[in-house]
Amino acid sequence: IGIITTFYFQTQLAPSSVVNWVYEIPMASPDIAANSFSHIQSFALNATVIDDRTGFGVTPSPSSFHISGTYHGDEATFRSKIAPEFLRTLPTPASSKIQTLSWLDSLEDMWGRPLPQPLSGYNEHDNFYAKSILIPESAPLSPSALIRYFTYIATNGSTTPSWFSELNLLGGPASRINNPAYPSAYSARDSLWVLQHYGIVPSSANGETKPTIDFVNGLNDALGMGYGGYPNYVDPELSASEAHAVYYSQGVYERLVRIKKVVDPQGLFWNPQAVGVCERRVDRKGE
């Protein structure tokens with residue numbers, strides 16, 4: 001049995017302060033939602049307004065957008081330059097909050113609960129199904145895809161007990177995420193958005209998961225565009241070979257397999273979609 005005894009981290013100096021911002025914006029129809037997101041997408045690509053200090057995500061519901069983000073700059077600049085362009089053409093927010101916080105307070109504000117967690121007795125979990133999809137910066141979300149997507153949410157979202165969708169910004173001007181300077185196991189260094197679709201199976205379902213899975217798959221299918229997925233939003237319905245194709249480029253996956261054979265030749269660290277699972281099956285057949 002292998003046991004990890006030490007983790008090594010390359011840390012960065014925490015910022016002295018962070019601007020946290022939140023807008024709740026009503027969306028009266030799928031058309032308004034699609035037009036609003038098209039503007040948000042144009043904003044995300046506008047180098048005259050934002051840079052690598054701005055990050056945000058959009059959580060849509062059948063009737064509104066919850067938009068939250070951070071700005072690693074001063075609050076006066078955010079209020080005078082960034083916020084007006086972001087809100088331009090959008091429906092009037094039902095509520096908003098802009099505040100300057102310390103780094104740790106910023107994290108707690110975004111999570112909505114205290115950061116310290118108990119060392120024993122932790123029992124938080126969901127019975128859920130999740131999928132993801134990546135939208136490349138070279139082919140942003142189209143108007144027709146947005147209409148399909150928000151129509152699906154407006155039509156089906158109110159009758160599905162518990163779910164959420166997040167459209168989080170990865171790319172944009174000077175994106176640190178899309179900087180390919182350092183090799184890593186993450187392949188998608190050309191993405192504009194990552195979408196996470198997450199459905200919770202209610203306790204009243206008595207273990208019946210199909211309605212939740214069908215709804216989450218419908219969110220992905222409604223877009224009809226994009227590629228791949230984010231490996232930290234694991235889709236357990238994928239086979240190992242499907243997962244490898246979705247989560248990694250061929251070059252990155254081949255490099256990971258070579259590393260796996262050196263550091264874990266017996267396949268001790270395993271999961272159903274683990275790197276090297278398919279190759280190990282082939283090797284065993286030849287034994």
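Modeller: Before we look at loops, you need the ends of their neighbours: helices (H or I, at least four residues) and strands (E, at least two) are DSSP runs, numbered from the N terminus. One caution: this is a predicted model, where local features need pLDDT of at least 70 and side-chain atom pairs count only at pLDDT 80 or more, while totals for chains, interfaces and linings use all residues. Residues are numbered from 1 along each chain as its sequence is written, and side-chain values use heavy atoms, with hydrogens and water left out.

Colleague: Okay, loops then. Where is T89 placed?

Modeller: T89 sits in the loop between α2 and β4 (95-101). Most residues other than glycine have a negative phi. T89 goes the other way, with a positive phi near 80°. T89 is also exposed, at 55% relative accessible area (exposed means over 50%, buried under 20% and partly exposed in between, with a 1.4 Å probe and protein chains only).

Colleague: And what is the phi of A174 near?

Modeller: Near 60°, again a positive value in a residue other than glycine. Look for A174 in the loop between β6 (163-169) and β7 (191-200). A174 counts as exposed too, with 52% relative accessibility.

Colleague: Now rings. How many aromatic pairs are there?

Modeller: Rings of Phe, Tyr and Trp (its six-membered ring) pair if their centres lie within 6.5 Å; planes under 30 degrees apart count as stacked, over 60 as edge-to-face and the rest as tilted. Here the count comes to 22 aromatic pairs. Take Y23 and F86: their centres are 6.1 Å apart with 20° between the planes, so they are stacked. Y23 belongs to strand β1 (residues 18-26) and F86 to helix α2 (residues 75-87), so this pair links parts of the chain 63 residues apart. Y23 is buried at 3% relative accessible area, and F86 is buried at 1%.

Colleague: Which kind of pair do F65 and F150 make?

Modeller: A tilted one, because their planes stand at 40°, with 5.4 Å between the ring centres. F65 is in strand β3 (residues 64-71) and F150 in helix α4 (residues 143-156), so they tie together parts 85 residues apart in sequence. F65 is buried at 1%, and F150 is buried at 4%. Both pairs feed into a cluster joined by ring pairs, whose members include W21, Y23, F65, F86, F150 and W193.

Colleague: How do helices meet? Where do the axes of α1 and α2 cross?

Modeller: Axes are lines fitted to C-alpha atoms, for helices over the stretch in contact, and angles run from 0 to 180 degrees between N-to-C directions. The axes of helix α1 (residues 30-44) and α2 come within 9 Å and cross at roughly 145°. Touching there (contact means heavy atoms within 4.5 Å) are H39, I40 and F43 of α1 with I82, E85 and F86 of α2. Also in α1 is Q41, buried at 6% relative accessible area. Leaving out residues up to four places away in sequence, Q41 touches P140, L141, L192 and W193.

Colleague: Last one: which residues of α7 are buried?

Modeller: V252, Y253, L256, V257 and K260. An α-helix has 3.6 residues a turn, so residues three or four places apart point the same way. In α7 the buried residues fall within an arc of 140° seen down the axis, so they line one face of the helix (the arc is that of the directions from the helix axis to the C-beta atoms). R258 and V262, on the other side of α7, are exposed.
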